[in-house]
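Work through the following exercises with the sequence and the coordinates open side by side. Each task is followed by a solution that proceeds step by step.

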Amino acid sequence: MSRGILARLRLSSLRLRLVVVFALVALTAAVAASGIAYWLNREAVLTRTQDGALNDFRQEMQNRVATLPLRPGQEDLRRTAEQMASGSADYQVLLLGERDEGKPIVGASDPDDFTLADVPVSLREAVDTRRPVTDANPYPYHLFWQRTERGGTPYLVGGTRIDGGGPAGYMFKSLAAEKADLNSLAWSLGIATALAVAGSVLLAQVAATTVLRPVHRLGEAARQLGEGKLDTRLRVTGEDELADLSRTFNGAAESLQKKVADMSAREESSRRFVADMSHELRTPLTALTAVTEVLEDEQDALDPMIAPAVALVVSETRRLNDLVENLMEVTRFDAGTARLVLDDVDIADQITACVDARAWLDAVELDAERGIVVPLDPRRLDVILANLIGNALKHGGSPVRVSVRTEDGELVIAVRDHGPGIPEEVLPHVFDRFYKASASRPRSDGSGLGLSIAMENALIHGGSITASNSVGEDGEVDGAVFVLRLPLDASGITSEVKTRSGRGEVEEA
């Protein structure tokens, strides 16, 4: 279950990105809203408490301290401070007066809780400063306040002086209750923010599922279309952008199906034409071959002026016959009618028979142990070997070395010549049909299909052929190397084997 969720929410998935974006937006909005709410409530709470305490303190200074004599005694200051602190505002009071010039006295409502040391120096300086009386400033002394901390507890400290002379008064109110209320508010806003983010994630999942379900169906349909299921279509619902995309996909799939059908019909027509043409050519070619064989037997008795023409006719007739046979073989591969008839083949004997039948024994070196027996189609293996060895003799020159070995469950046959090698730009195309390495020499002795047919026969066996250049010790190219790889185990060849151009059937002997 968790593995499936992680697979759906991989880092590169659109679903995860949607969830992250929703969460970030919700987090930003919730934090901003919570921050604003906290700040507004904090200011409201502190301002209400502060204004209530300062207004009460100002009123008490006017009602009680203003009635004291200009130079009150310490007992008067203490008693007055206790009376001021006994009100509902719940603050401590400290009154600072002078018994004589330069002899200050202090009266505190609770000396253990509030002393002159708890009053910030800057606040005392502001309270003691007499300001000139003007139209804009009718009073020489004002009420000042400051927030401070003691032992981690916030306090409000306020102070003022009686106009016309008299004691200065300071109040000291704890804000611990307000701090506790604000902490509770912060926790509540934090929980609300977390719930908002969690809710946004759930909403993002729902939204992502709603949005991505059509996208997933579109991706699945595209995958099926890529696998060749050209009749794949999407069900279109609604009138939104995804519905338009589905309609566009269905139109593209329909157009592609039609074009593929047209191309398949044209390809089938071309294949049938080539097959019919090749088949029709076989009858006159049979007659021509018989005539050329007679002419070849009588070539020594012919007029020397006619003999070269006869030799040319014989050569071109054989070439035409090979071309027709190769075209028919290619047509069978394209039509999917090529059959594989398996038999146990001794590889060394098979290569020797192939070389001997074509009189190549003197030009080919064989490096193969006897006793390597592999289930293969002997006729098709002979076609592969004849094309590879003949190509090496024709374009690379002797000696051509054929080596056989087995490795990793495969039969490996390497055909190496000592010619100039294959140009790098030609290597990717050596197995293409009718490919010419040089445009200036479009005509060659071969049909241009030999290596292509060799590759098709290797593929129908479940194998492959690769072409490369051999590099000598001096770093120079020292011939071309064609490597044929075929499976040793015939069970790996199923009843149908994929070739490059069609389907090849396998029939075990």
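**Exercise 1: Two aspartates in loops**

Asp90 has a relative accessible area of 58% and is therefore exposed, in a model that is predicted.

Task: determine where Asp90 lies and what sign its phi has.

Solution: Begin with the chain position, which places Asp90 in the loop between helix H3 (74–85) and strand E1 (92–100). Then take the backbone torsion: phi of Asp90 is near 60°, a positive value in a residue other than glycine.

Task: establish whether Asp408 is buried or exposed, and in which loop Asp408 lies.

Solution: The loop in question runs between strand E9 (400–407) and strand E10 (410–416), and Asp408 lies within that loop. Its relative accessibility is 77%, and because exposed means over 50%, Asp408 counts as exposed. To complete the description, phi of Asp408 is near 50°, again a positive value in a residue other than glycine.

**Exercise 2: A nonpolar surface patch**

Task: state which residues form the nonpolar patch on the surface, and then classify Val20 by its accessibility.

Solution: The patch is formed by Val20, Leu24, Leu27 and Val31, which together have about 320 Å² of accessible area. Val20 is located in helix H2 (residues 14–63). With a relative accessibility of 38%, Val20 falls between the 20% and 50% limits, so Val20 counts as partly exposed.

**Exercise 3: The whole chain**

Task: summarise the secondary structure and burial of the protein chain.

Solution: Counting elements gives ten helices and 14 strands, while 36% of the 509 residues count as buried. The accessible surface comes to about 29,400 Å², and 55% of that surface belongs to carbon and sulfur atoms.

Key. Residues numbered from 1 in each chain as written. Predicted model: local features only at pLDDT ≥ 70, side-chain atom pairs only at ≥ 80, totals over all residues. Heavy atoms only, no water. Helix = DSSP H or I, 4+ residues; strand = E, 2+ residues; numbered from the N terminus. Buried < 20%, exposed > 50% of the residue type's maximum accessible area, 1.4 Å probe, protein only. Patch = residues over 30% accessible without salt bridge, like charges linked within 9 Å, V, L, I, M, F, W, Y side chains within 5 Å. Areas by Shrake-Rupley, 256 points an atom, 1.4 Å probe, with all protein chains shown as cover. Salt bridge = Lys/Arg side-chain N within 4 Å of Asp/Glu carboxyl O.
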